Amino acid sequence: VDTRTGGLTPEKDILCTEGKIEAIAPTGSLKIEDGTRVVDASGQYAVPGFLDMHMHIVGEKDAPQMLMLTLANGITGSRQLGGSPELRQAWKGGAFTGASDKPDLLTMPGEGLLSFNASTPQEAVAQVREQKKQGTGFIKVIQTTPEVAFAVLAEAKNQNLKVVGHVLGDMDVSAASRAGFHCVEHLGPNEVELISSSTEEQSLRAQADHLPAILGSPVLRLGFVQAMLGDVTAELLINPYANTIADKSKKVQRIVDTYSPDKARALAALFIVNGTWQCPTLIRLKTSQLAFLGEFKTDPNLVYESPADLAQWRKVTSAWEKRLTPERKAVAQRLYARDLELVKLFDDQGVKMMAGSDAEGGGWTVAGFSLHQEFDELEKAGISPLHVLQMTTLNGAEFLGRTSTMGTVEPGKIADLVLLNANPVESIQNLHRISAVVRLGTFYGQADLEAMKARVKESYQKSK
């Protein structure tokens, strides 16, 4: 399958040698050495390995199990969005890359910037410079004041570094785009891009949640604050909506009601001009905003999740549900419908987007399986099968500047492939129909992939 055009080239053999695609030629025409493994893939469709461009796995206690699940679901590479000096040093030294039995960690940041470690513009500039020295892949902004965020953007530009992450509610995403924000995650988050698409944009931004002054104080540091906040921090990570101090339903309803397609198109045009990417992570938005839906608690793939994590997800969700009224649930559903609408508009306008699931970065996102849930949500948004395929293959390669080695099935590219039982350009659902995965030229058939999943499931059953 040509991921650039969706075109198909039938009756071809693909020869993989030493981790790369050596040749592609008409079936039966290639000369191969004795001992070469030959796989009959008649009737199947070869696409590049899937890329999950927003994950939080490396460094987690259950990372080996999570990485096994990602590969078993066709994911051969990922962008890690959480980092630390230690993890970054290990990655730069070759850890998490180059192994044929796990996905490639394609890039990762240093320590994410928060009000605790970048409380002033001066601290933020120092952080950017230090991370540059340490060889970070990019700078991630998590939670800072607008003043600090713009200082980060300015210094990152000086250091030739990209900035990705969160644009908070009281920050103008248009201004952030013009300042060089490279990729907005989760459509903001916190309705930021919907606010910028509202006819009442200025009023809504003025009412946005501002960073509490105490959290921006240089006196406080991350370790102390984490210890002080304890369970609150854990709940916010599992579901940012679960610990809302005040009922935001009225404000959210205004955001939904005042949405303007014309303003959204103007925002999209700005993103295109400035090269601002989007990683919507719709499944993460859905599992946060609509965590009360029964489909998450009954997901059959929960057997592949740590019992301890599951217990936390259930605890946080149950406590939140008790505070929800039918009206608040209805508003949340309308909000998510707007998220889908915005993503469709961005796609129609030509905004660059890539698929990411925020796997294990929050509740109800099981590693590997959550990217396939993302495919389904993109389908609900109305994105075409070809564009979803591009979002999880070609676009990630383009974002990373690696189209010479990734993103298409061509000679000279890394031998990371997924074989599908049906044409992915005809239906997004065919992305789920994985027959085999090839990672650095190592072939994993259906039995191998099922065995990987079974090992993870058994390891968690034993830990109960």
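In this predicted model, strand β7 (residues 113-114) and strand β8 (residues 139-143) run parallel and are joined by 2 bridges. Across this pairing, L114 stands opposite Q143 of β8. Strand β8 also pairs with strand β9 (residues 163-165), again in parallel fashion, through 3 bridges. Here I139 has V163 in β9 as its bridge partner. To get from β8 to β9, the chain passes through helix α4 (residues 146-158), and the resulting β-α-β crossover is right-handed.

A further set of strands can be followed in the order β4-β5-β6, where 3 strands form an open sheet with parallel pairing. Its edges are β4 (50-55) and β6 (104-107), each of which pairs on one side only. From one strand to the next, the twist averages 30°. Strand β5 (residues 75-80) is linked to β6 by 3 bridges, and G77 stands opposite D104 in β6. Helix α16 (residues 369-381) lies across β4 and β5, running at about 100° to β4.

Now to a pair of helices. Two packed helices are described by the angle between their axes and the distance between the axes. For helix α12 (residues 282-289) and helix α15 (residues 326-349), the angle is about 170° and the axes are 10 Å apart. Angles over 145 degrees count as roughly antiparallel, so α12 is roughly antiparallel to α15. On the α12 side, the contact involves L282, L285, K286 and Q289, which meet A332, L335, Y336, D339, L340 and V343 of α15. Sorted by class, this contact between α12 and α15 has 7 nonpolar, 1 polar and 2 charged residues.

Definitions and conventions. Residues numbered from 1 in each chain as written. Predicted model: local features only at pLDDT ≥ 70, side-chain atom pairs only at ≥ 80, totals over all residues. Heavy atoms only, no water. Pairing = 2+ DSSP bridges. Helix = DSSP H or I, 4+ residues; strand = E, 2+ residues; numbered from the N terminus. Right-handed = clockwise from strand over helix to strand, strands pointing away. Axes fitted to C-alpha atoms, helices over the stretch in contact; angles between N-to-C directions. Parallel < 35°, antiparallel > 145°, perpendicular 65-115°, else oblique. Contact = heavy atoms within 4.5 Å. Nonpolar A, V, L, I, M, F, W, Y, C, P; charged D, E, K, R; others polar.
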